Amino acid sequence: MLADAARVYAGDPGLRADIARLRARIEWNTGSVHVGHRMILQAAAEVAPHDADRAREMAMFATALASFGASSGVAIDPVGLVPPADESDPPRRRAFAGLLAGLDHVTRGDWAQAASVLRDTFAVAESCDEDDQALLPNLGIAALHLGEDDLALRYHTLLLSRARDTGALVLILYSLTRRGFIEIATGRWTAASAGASEALPLAEGSGQPGLAVLPLSLLALTAALRGEDTFDGHLAAAEQVAAAHPVGVLENLLPDMLHWAKGLRAAAQPATAFHHLEQIAHPMLQHLAAIDRIDAAVRAGQRDTARAWTDELDGFAAATGSAWAAAAVAHGRALLTGGDAAERHFEQALAHHAYSRRTPDRARTELAYGEFLRRARRRVDARAHLRAALEIFEDLGAAPWAERASQELRASGETARRRDPSALTGLTPQELQVARLVAQGMSNRDVAAQLYLSPRTIDFHLRNVFAKLGVSSRAELARLPFD
């Protein structure tokens with residue numbers, strides 16, 4: 001209301017644009033992403049004749065929203081609003097120009113151009129201020145779209161550090177949850193769960209109930225991956241929030257996340273799993289869940305669909321040079337063929353996995369390869385792959401997948417010896433957050449300030465951590481393998 005009232009009286013074009021950007025940001029985070037898209041695009045067009053830099057940044061926000069499905073129907077080309085930047089321009093201007101063009105290519109599904117432009121942009125951004133709270137989130141978004149796991153993790157970690165330093169609570173929530181996508185993909189499931197658990201009370205205390213939907217969805221997703229009983233509660237809570245409150249930019253992404261979680265939960269029922277996984281519509285979520293989707297389609301007898309999904313991913317892999325995507329393509333080809341061809345594809349997949357941090361996907365390939373070899377009566381050859389899969393699944397705490405690998409190993413004639421899981425997996429997400437920060441050398445008071453909890457609460461959690469881990473000092477805690 002204040003922004004709407006102020007804009008009526010603002011005569012300066014730059015001030016009007018800043019007010020419009022604030023108003024649009026409120027809308028796309030806590031209202032309608034499509035209305036927010038229209039607001040920012042119209043304001044960019046209005047300010048373009050007066051301030052090209054402001055117009056470029058606002059147009060970039062519009063393309064970022066469009067990359068998540070925002071469509072307001074406004075006949076304004078964001079890329080054409082301002083001239084492109086050149087080599088003589090300051091790095092920040094060039095970075096925003098690159099994001100504008102690159103995210104527009106993402107929206108159009110032109111992955112080759114998107115990869116080329118955005119990777120140049122990432123290089124330019126190295127010369128920009130690492131505290132830039134307008135640039136960092138959008139660099140992180142671009143990296144998520146391309147599946148650049150290391151960069152996406154880096155940008156969101158930088159943003160999180162900056163947000164903690166400045167007390168920007170909603171940016172803390174934002175960076176914790178967006179970082180969660182990469183943590184899930186790369187097997188850092190405990191960190192993803194801990195981040196979502198930290199973000200949830202921030203969302204619930206923000207006065208904007210819709211902000212809680214992403215932490216709840218991430219908790220449901222990690223619970224599904226691990227086969228935890230908390231899944232139903234987190235799923236129900238996420239669906240209740242989504243039904244009762246606007247969720248802004250997550251409007252198109254949220255249903256996909258929940259279908260992914262439900263598909264994982266139903267992995268033992270291929271037809272049900274396929275029913276959910278085929279409904280994932282956004283490319284980013286399709287790519288994150290690629291092996292889950294292809295495997296479910298093959299197991300449900302939907303081979304034509306599995307082939308189409310594999311072909312689409314092949315185009316993405318070729319355009320971006322992504323190792324994890326190439327591995328998923330080879331995995332899909334192996335499931336769709338037989339004999340020597342399947343074995344060659346499995347070997348190719350494992351070769352690509354060696355250059356990717358997505359250890360859960362590698363474990364899935366090891367498991368599928370072991371299953372293939374066992375069914376071909378090559379039980380001795382199968383065991384090495386099944387052992388490798390079981391070890392990774394146990395490290396991840398992926399109980400349903402570990403059980404499947406263990407059953408296959410027993411069927412191959414070898415008894416799987418259950419390893420003792422790390423005591424770290426017995427910590428609650430809040431206890432893990434406290435333990436990590438204390439292990440870094442922070443005092444209880446500093447940890448309390450970092451997590452927006454009372455020092456008394458930190459003392460309580462730390463006593464539990466010491467008891468569960470069997471340590472008696474902060475020095476012992478610092479020696480534990482939290483990563």
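**Exercise 1. What follows helix α20, and what is the sign of its phi?**

Step 1. In this predicted model, α20 is followed by R377, with a positive phi near 65°.

Step 2. Now place the residue: R377 lies in the loop between α20 and α21 (379–396).

Step 3. Compare with the usual pattern. Most residues other than glycine have a negative phi. R377 is not a glycine, yet its phi is positive, about 65°.

Step 4. Check its surroundings. The relative accessibility of R377 is 77%, and exposed means over 50%, so R377 counts as exposed.

**Exercise 2. Work out whether the end-to-end distance of α20 agrees with its number of residues, and find how much of α20 is buried.**

Step 1. Helix α20 covers residues 359–375, which makes 17 residues.

Step 2. At 1.5 Å a residue, α20 should span 24 Å.

Step 3. The end C-alpha atoms of α20 are 24 Å apart, so the two values agree.

Step 4. Turn to burial, where the cut-off is under 20% relative accessible area. The buried residues of α20 include P360, D361, A363 and R364. Also among them are Y369, G370, E371 and L373.

Step 5. Because 12 of its 17 residues are buried, α20 is largely enclosed by the rest of the structure.

**Exercise 3. Which residues form a nonpolar patch on the surface together with V170?**

Step 1. Start with V170 itself, which sits in helix α9 (residues 169–185).

Step 2. With a relative accessible area of 48%, V170 is partly exposed.

Step 3. Its partners in the patch are L169 and Y452. Together, L169, V170 and Y452 have about 260 Å² of accessible area.

Terms used
Residues numbered from 1 in each chain as written. Predicted model: local features only at pLDDT ≥ 70, side-chain atom pairs only at ≥ 80, totals over all residues. Heavy atoms only, no water. Helix = DSSP H or I, 4+ residues; strand = E, 2+ residues; numbered from the N terminus. Expected span 1.5 Å × (residues − 1). Buried < 20%, exposed > 50% of the residue type's maximum accessible area, 1.4 Å probe, protein only. Patch = residues over 30% accessible without salt bridge, like charges linked within 9 Å, V, L, I, M, F, W, Y side chains within 5 Å. Areas by Shrake-Rupley, 256 points an atom, 1.4 Å probe, with all protein chains shown as cover. Salt bridge = Lys/Arg side-chain N within 4 Å of Asp/Glu carboxyl O.
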